[in-house]
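Hi everyone, thanks for making time for this. I'd like to walk you through one protein model, piece by piece, so have a look at the picture as we go.

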Amino acid sequence: MLKLKQFIYSPSVRPHRRLAGSPVADKSSSSVPVKSLKQSPHQSIHYFPLPILPTRRRLIHRSFSVSMESSGVSMTSPSVVKLKPIEATAETFKEFGQVIEASPDGEEFGPRDAQLDLSNGIPRFYIMQLKDQSLKFSKITHHANVTQCLGSIGGNVWYLGVAKPSIVDPTDIKGAVDIVVQSHCGHFYVPPAVDEVQAFRISGPKFIKLSHGTWHAGPLFADDKMDFYNLELNNTNVVDHTTHNFIKKNGVVFVLDD
């Protein structure tokens, strides 16, 4: 099984275009290993998708294959995967980042505070207004160079779809057979699996910090519009925005059942 290792991509270090073992392009391949849809405790699959026609350009390597990001096309209607949101707490959200709640004035910095990394650029802290964000999603995004903080102004209920970070260093991969994709941002990652996606409810006066590479979809909410404070870098959405499309790649769409 592919062992994932935390790997923070730095723009100053460009990954090798050619991996050890001299991989070669294989344009004739018309199939890509696809993980089966497993049902997790927080998911229910409405119906299963028919086959997808992948259009990835693969590089063949004796231990794994590398795929450049491309737009695969599904020829069928997507399956609906229902997610039951759970409340975001320090314990339930620890694999994805942190949940930060109020602390007494004067309390010194400690592990319950947001552990931030804004060292790869100029921090940007702003109020983000979103409209018409329904409780469903088919795309999920990660940022490789920064931690991100999100919180609703007013403490209204909102939701977030997430999957664990899957950024990898291709030089450390040994003896595994899986799909490794190179982002247009330069770093490498393993695409998130359908059965690894979870949904969280965030309510009250608290915010979340997303770790490097945490896949996230949202904020999602039932109101017509909501305002959020957002802490990232000033160019995060320009140079550090990697997205996986579940409809094109997996033939599914997620719907929150809360």
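I'll begin with the overall picture, then move on to strands, hollows and a few single residues.

First thing to keep in mind: this is a predicted model. The protein has 258 residues, and 46% of them count as buried. Its secondary structure comes to two helices and 21 strands. Now, who touches whom? If you take the contacts with a separation of 6 or more, 86% of them are between residues 24 or more positions apart. As for the outside, the accessible surface is about 13,700 Å², and carbon and sulfur atoms own 54% of that.

Okay, let's pick a strand. Find β12, residues 158-163. How many of its residues are buried? Six of six, so to speak a full house. Trp 158, Leu 160 and Val 162 point one way, while Tyr 159, Gly 161 and Ala 163 point the other way, and all are buried.

Who are the partners of β12? One is β16, residues 198-202, which pairs with β12 in the antiparallel sense over five bridges. If you want a spot to click on, Trp 158 has Ile 202 as its bridge partner in β16. Another is β18, residues 215-220, which also runs antiparallel to β12 and is joined to it by four bridges. There you can click on Ala 163, whose bridge partner in β18 is Trp 215.

Now compare that with β5, residues 79-83. This strand has a covered face, made of Ser 79, Val 81 and Leu 83, and an uncovered one, made of Val 80 and Lys 82. β5 pairs with β21, residues 252-256, in the parallel sense over five bridges. Ser 79 stands opposite Val 252 there.

Back to β18, and to one of its residues, His 216. Is His 216 buried or exposed? The cut-off for buried is under 20% relative accessible area, and His 216 has 8%, so it counts as buried. Leaving aside neighbours within four places in sequence, the contacts of His 216 include Ile 140, Thr 141, His 142 and His 143, plus Leu 160, Gly 161 and Val 162. Take Ile 140: it sits 76 residues away from His 216 in sequence, yet their C-alpha atoms are 5.3 Å apart.

His 216 also leads us to the hollows. A search of the whole structure turns up one cavity of 30 Å³ or more, and about 30 Å³ of space lies in the largest cavity. Which residues line it? His 216 is among them, along with His 142, His 143, Val 146, Gln 148, Leu 210, Ser 211, Gly 213 and Thr 214. By class, that lining has two nonpolar residues, seven polar ones and no charged ones.

Then there's a pocket, the second largest, with a volume of about 330 Å³. It is lined by 19 residues, and the closest to its centre are Thr 141, His 216, Gly 218, Pro 219 and His 241. So yes, His 216 turns up here as well. Which strand gives the most to this lining? That's β18, with five residues. β8, β10, β11 and β19 each supply at least two, as does β18. Sorted by class, the lining divides into eight nonpolar, nine polar and two charged residues.

While we're at that pocket, look at Pro 219, which lies in β18. The peptide bond from Gly 218 to Pro 219 is cis, with omega near 5°.

Two more residues and I'm done. Ile 127 is in β8. With 58% relative accessibility, Ile 127 counts as exposed, because the cut-off for exposed is over 50%. Not counting residues up to four places away in sequence, Ile 127 touches Ile 153, Asp 227, Phe 228 and Tyr 229. Phe 228 is 101 residues away along the chain, and the C-alpha atoms of the two are separated by 5.5 Å.

Last one: Asp 132, in the loop between β8 and β9. Asp 132 is not a glycine, although its phi is positive, at about 50°. Asp 132 is exposed too, with a relative accessible area of 65%.

That's my tour, so questions are welcome.

Technical notes:
Residues numbered from 1 in each chain as written. Predicted model: local features only at pLDDT ≥ 70, side-chain atom pairs only at ≥ 80, totals over all residues. Heavy atoms only, no water. 1 Å grid on protein atoms, 1.4 Å probe; cavity = no way out; pocket = protein on both sides within 12 Å on 5 of 7 lines; lining within 4 Å. Points joined across faces, edges and corners; volume = space filled by probe spheres on them. Nonpolar A, V, L, I, M, F, W, Y, C, P; charged D, E, K, R; others polar. Buried < 20%, exposed > 50% of the residue type's maximum accessible area, 1.4 Å probe, protein only. Pairing = 2+ DSSP bridges. Contact = heavy atoms within 4.5 Å. Areas by Shrake-Rupley, 256 points an atom, 1.4 Å probe, with all protein chains shown as cover.
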